[in-house]
Amino acid sequence: GELACRALSDASTEANASSVLEGLSDGPHAVELVERCRSHLLEALRTSRWDRQRRVYYDFLKLGPPINENVKEDFSDGSARLTALTGDLNLATKAEATLKSPLLGALSLLADQLDDSSALSAAGAAARDLKLWGAQLPAEDGHEDSSDEEDESDAWHGCRNACSLAQRVARHAPTMIGDAALELLLRTRHTGAINGGESVLRAASLSGTDEDRRRWLKTALTSCRRPDDHLSRRRSAGLGAAHAALLDTDPSLSQNACKFLITIASNGGARDAKRSLNVLAAVADRAANALRHDLGRALSAALKRADDGDWGCRGAAALCAAALLRRLYRDERSLFDGAEGDLRSYTGVAEAVDDALAQEGPIGRTIALRCVRGCRASKPSRETWLSLLSASDQRVRVAAAEARERLLRRAPRHRRGIDATSTRVCRRTRPCRRNRSRTDIC
């Protein structure tokens with residue numbers, strides 16, 4: 001441990017040394033190591049560029065006594081950890097009195113030690129700054145584990161600290177925190193802020209009342225048909241994350257909300273349908289407790305819109321269908337692993353796939369064939385297979401040949417059209433040897 005602490009001053013050995021210290025952090029000699037190497041750990045915490053290393057140093061230093069020094073207060077992770085090590089529990093009052101306070105990062109680290117009054121003050125400061133930073137964030141990606149580089153804006157670091165604190169103290173003021181998180185999700189296009197806002201809204205939804213959750217969901221659903229157009233950029237921005245957070249924490253709201261979204265996706269205009277399809281895709285990916293009884297209808301809407309005249313709507317439909325397929329694949333694997341989720345609890349999947357295969361749109365038919373190939377969502381008839389293998393669009397022919405070949409490979413030998421003494425697949429569904437884009441049909 002002492003050797004590792006002395007190696008922290010060299011940038012070329014810091015990563016390996018911090019890995020050694022991470023392994024020793026929960027050992028019997030951690031407190032003694034802090035006593036011997038406290039100065040090395042403090043200097044490494046001040047100068048390190050990476051969150052992961054700073055997290056290791058902070059975990060060691062908080063085992064010792066509070067530090068007594070004046071810390072430069074800014075929005076960086078290093079400053080937040082040094083401020084938290086001072087052990088000042090009056091930070092909540094200071095943060096509440098300062099707009100866009102740089103103390104929120106330190107408060108998020110000390111959230112478990114705050115009394116009810118201080119936690120309420122911290123919640124008010126976090127909710128206020130979430131709204132302020134959300135209006136200022138640039139339209140660029142960010143990540144919650146990013147480094148303290150100069151090109152990372154104070155707005156992103158401030159928003160990240162506010163999200164972290166709001167998630168920790170949401171149970172003390174769920175209504176105020178949830179309102180701020182929903183406003184952030186409906187306004188920003190910043191990926192890191194969307195992920196942080198979703199976590200905050202989940203925490204507020206778990207602690208909030210039924211009335212709060214219904215009000216938040218109504219606001220989110222209304223935004224799917226709002227006439228302004230700024231939400232349509234970047235996959236409808238945080239609209240999907242807001243729906244996923246609410247529907248996953250309260251599945252009782254899922255049925256009516258999904259029915260509303262599917263209706264808009266099926267019959268609405270191109271812009272409204274695009275937003276609804278993006279929301280359904282986010283719900284399928286992020287909300288394991290939602291869409292269980294509506295996945296078939298959602299898939300039907302996505303396949304129907306896959307050949308829409310509007311290019312943006314076609315793209316949203318393809319992304320939605322891909323998300324629904326991932327959900328089917330996950331639940332198919334859980335079926336074989338013996339978990340609760342299985343395909344038999346989903347109604348309407350086979351009907352949606354059969355309807356898409358009967359249409360003339362090439363994109364919808366190709367995606368439906370992926371459903372057949374990947375998770376055996378339907379069992380097309382012989383006539384349907386012949387129609388697909390002789391379709392005018394090359395994508396449909398290739399997808400049909402691949403799906404049929406996969407099904408034959410999975411089927412028992414006596415059902416594959418294979419002789420008892422031969423291993424050759426029937427030429428009826430085998431791709432042509434001379435031209436892979438064609439398929440030989442008996």
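**Exercise 1. The core.** Which residues have the most contacts inside the largest nonpolar core, and how many residues does this core have?

*Solution.* Keep in mind that this is a predicted model. Start with the count: the largest nonpolar core has 131 residues. Then look for those with the most contacts inside it, which are Leu-21, Leu-41, Leu-107, Leu-201 and Leu-369. Next, ask where the core residues come from: helix H17 (residues 311-337) gives the largest share, nine residues. Finally, zoom in on Leu-369. Setting aside residues up to four places away in sequence, Leu-369 touches Leu-357, Trp-385, Leu-388, Val-396, Ala-399, Ala-400 and Ala-403. As general background, nonpolar side chains tend to be buried together in soluble globular proteins.

**Exercise 2. Two packed helices.** Find the angle and the axis distance for helices H10 and H13, then classify the residues that make the contact.

*Solution.* First, the geometry: H10 (residues 174-187) and H13 (residues 239-249) pack at about 145°, and their axes are 7 Å apart. Second, the residues: H10 brings Leu-182, Leu-185 and Leu-186, while H13 brings Leu-239, Ala-241 and Ala-242. Third, the classes: the contact has six nonpolar residues, with no polar and no charged ones.

Now consider the surroundings of H13. Of its 11 residues, 10 are buried, among them His-243 and Asp-248. Besides H10, the buried residues of H13 pack against H11, helix H12 (210-223), helix H14 (254-267) and helix H15 (270-286).

**Exercise 3. Checking a helix length.** Work out what span helix H9 (residues 154-169) should have, and compare it with the model.

*Solution.* H9 has 16 residues, and at 1.5 Å a residue they should span 22 Å. The expected span is 1.5 Å times one less than the number of residues, so the multiplication leaves one residue out. In the model the end C-alpha atoms of H9 are 22 Å apart, which agrees.

Is H9 mostly covered or mostly open? It is mostly covered, with 12 of its 16 residues buried. The buried residues of H9 include Trp-156, His-157, Arg-160 and Asn-161. They pack against helices H4, H5, H7, H8, H10 and H11.

**Exercise 4. Three residues, three settings.** Decide whether Leu-132, Lys-100 and Gln-53 are buried or partly exposed.

*Solution.* Take Leu-132, in helix H8. Its relative accessible area is 33%, so Leu-132 is partly exposed. Leu-132 touches Leu-99 and Lys-100, not counting residues up to four places away in sequence. Ala-180 lies 48 residues from Leu-132 in sequence, with 9.6 Å between their C-alpha atoms.

Move on to Lys-100, in the loop between helix H6 (91-96) and H7. With 27% relative accessibility, Lys-100 counts as partly exposed. Check its backbone too: Lys-100 has a positive phi of about 50°, although it is not a glycine. For context, most residues other than glycine have a negative phi.

Last comes Gln-53, in helix H4. Its relative accessible area is 11%, and buried means under 20%, so Gln-53 is buried. Leaving aside neighbours within four places in sequence, Gln-53 is in contact with Glu-14, Ala-15, Ser-18 and Ser-48.

**Exercise 5. Confidence.** Where does the pLDDT fall below 50?

*Solution.* Begin with the overall picture: the protein averages a pLDDT of 81, and 83% of the residues score at least 70. The pLDDT is below 50 over residues 229-235, a stretch with 17 contacts in the model beyond near neighbours in sequence. It also stays under 50 over residues 335-342, where the model has 10 contacts beyond four places in sequence.

Methods:
Residues are numbered from 1 along each chain as its sequence is written. This is a predicted model: local features need pLDDT of at least 70, side-chain atom pairs count only at pLDDT 80 or more; totals for chains, interfaces and linings use all residues. Side-chain values use heavy atoms; hydrogens and water are left out. A nonpolar core is a set of buried Ala, Val, Leu, Ile, Met, Phe, Trp, Tyr and Cys residues joined through side-chain atoms within 4.5 Å. Buried means under 20% relative accessible area, exposed over 50%, partly exposed in between (1.4 Å probe, protein chains only). Helices (H or I, at least four residues) and strands (E, at least two) are DSSP runs, numbered from the N terminus. Contact means heavy atoms within 4.5 Å. Axes are lines fitted to C-alpha atoms, for helices over the stretch in contact, and angles run from 0 to 180 degrees between N-to-C directions. Ala, Val, Leu, Ile, Met, Phe, Trp, Tyr, Cys and Pro count as nonpolar, Asp, Glu, Lys and Arg as charged, and the others, Gly among them, as polar. pLDDT is the predictor's confidence in each residue, from 0 to 100.
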